[in-house]
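Notebook open, structure loaded. I'm jotting down what I look up as I go.

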Amino acid sequence: WDSRIAFGDTSVLGTELDRINCDACDSCRLQYECLDCLDCDSCDSLCEETCIEQMSFQVPSNLEGAYQLYLVNRFGQSSPSEITILGLEQDTGINDSGLQ
């Protein structure tokens with residue numbers, strides 16, 4: 001996959017990509033021959049309603065403070081989400097935002 005996460009000017013690759021309930025979306029894209037560009041007006045609403053894609057990533061240990069987080073791929077970049085990275089000894093992972 002071609003996605004990466006950017007924290008301001010720092011980029012990291014995803015460590016895992018999970019696709020949940022995407023079979024109908026993939027079948028639709030195959031039927032309408034839009035697997036290469038993934039821009040398929042006939043399938044857009046089905047894919048948005050049923051398919052959930054989640055990417056896991058590891059935050060670089062040298063980052064601390066507030067950052068704008070972006071998902072970047074061949075289609076461009078997402079809208080920013082603000083993330084605050086605590087020092088390693090302070091971060092418990094308990095209050096993760098669960099951004100998707």
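Is Asp26 buried, partly exposed or exposed? I get 25% relative accessibility for Asp26, which counts as partly exposed. My cut-offs: buried is under 20% relative accessible area, exposed is over 50%, and partly exposed is in between, with a 1.4 Å probe and protein chains only.

Ground rules before I go on. This is a predicted model, so local features need pLDDT of at least 70 and side-chain atom pairs count only at pLDDT 80 or more, while totals for chains, interfaces and linings use all residues. Residues are numbered from 1 along each chain as its sequence is written, and side-chain values use heavy atoms, with hydrogens and water left out.

**Entry: overview**

I looked up the layout of the protein chain and found two helices and six strands. These are DSSP runs numbered from the N terminus: H or I of at least four residues for helices, E of at least two for strands. Along the sequence the pattern reads β-β-α-α-β-β-β-β. The protein chain has 100 residues, and 23% of them count as buried. Its exposed area is about 7300 Å², with carbon and sulfur atoms supplying 45% of that; the method is Shrake-Rupley with a 1.4 Å probe, and for residues only the protein chains shown count as cover. I also checked contacts (heavy atoms within 4.5 Å). Among those with a separation of 6 or more in the protein chain, 56% come from residues 24 or more positions apart.

**Entry: strand β1 and its partners**

Next I went through the pairing, where two strands pair if DSSP finds at least two bridges between them. β1 (residues 4-7) pairs with β2 (residues 10-20) in the antiparallel sense, over four bridges. The hairpin of β1 and β2 has two residues between the strands, and Gly8 there takes a positive phi near 60 degrees. β1 also pairs with β4 (residues 65-73), antiparallel again and over four bridges. I followed Ile5 to both sides: its bridge partner in β2 is Val12, and in β4 it stands opposite Leu71.

Ser3 sits in the segment before β1. With 14% relative accessibility, Ser3 counts as buried. Skipping residues up to four places away in sequence, I see Ser3 touching Leu13, Gly14, Met55, Leu71, Val72 and Asn73.

Thr15, in strand β2, counts as exposed at 54% relative accessibility. I also noted that the C-alpha atoms of Thr15 and Gln58 are 7.1 Å apart, with their positions 43 residues apart along the chain.

**Entry: salt bridges**

Which residues does Arg19 bridge to? The rule I used is a side-chain nitrogen of Lys or Arg within 4 Å of a carboxyl oxygen of Asp or Glu, and the count comes to two. Arg19 forms a salt bridge with Asp26, closest N and O atoms 2.8 Å apart. Arg19 also forms one with Glu53, where the closest N and O atoms are 2.8 Å apart. Arg19 lies in β2 and Glu53 in β3 (residues 52-57), so this pair ties together parts 34 residues apart in sequence. Shared partners join Arg19, Asp26 and Glu53 into one network. Arg19 is partly exposed at 36% relative accessible area, and Glu53 is partly exposed at 44%.

**Entry: cores**

What makes up the largest nonpolar core? I found eight residues: Cys22, Cys25, Cys28, Cys34, Cys40, Cys43, Cys47 and Cys51. A core here is a set of buried Ala, Val, Leu, Ile, Met, Phe, Trp, Tyr and Cys residues joined through side-chain atoms within 4.5 Å. A second, separate core has seven residues, including Phe7, Val12, Leu69 and Ile85. Going back to Cys43, I left aside its neighbours within four places in sequence and got contacts with Cys28, Arg29 and Tyr32.

**Entry: aromatics**

Last lookup: the structure holds two aromatic pairs. Rings of Phe, Tyr and Trp (its six-membered ring) pair if their centres lie within 6.5 Å; planes under 30 degrees apart are stacked, over 60 edge-to-face, and the rest tilted. The ring centres of Phe7 and Tyr67 are 6.4 Å apart with planes at 85 degrees, so I file the pair as edge-to-face. This pair links distant parts of the chain, with Phe7 in β1 and Tyr67 in β4, 60 residues apart. Phe7 is buried, at 1% relative accessible area. Phe7, Phe57 and Tyr67 form one aromatic cluster.
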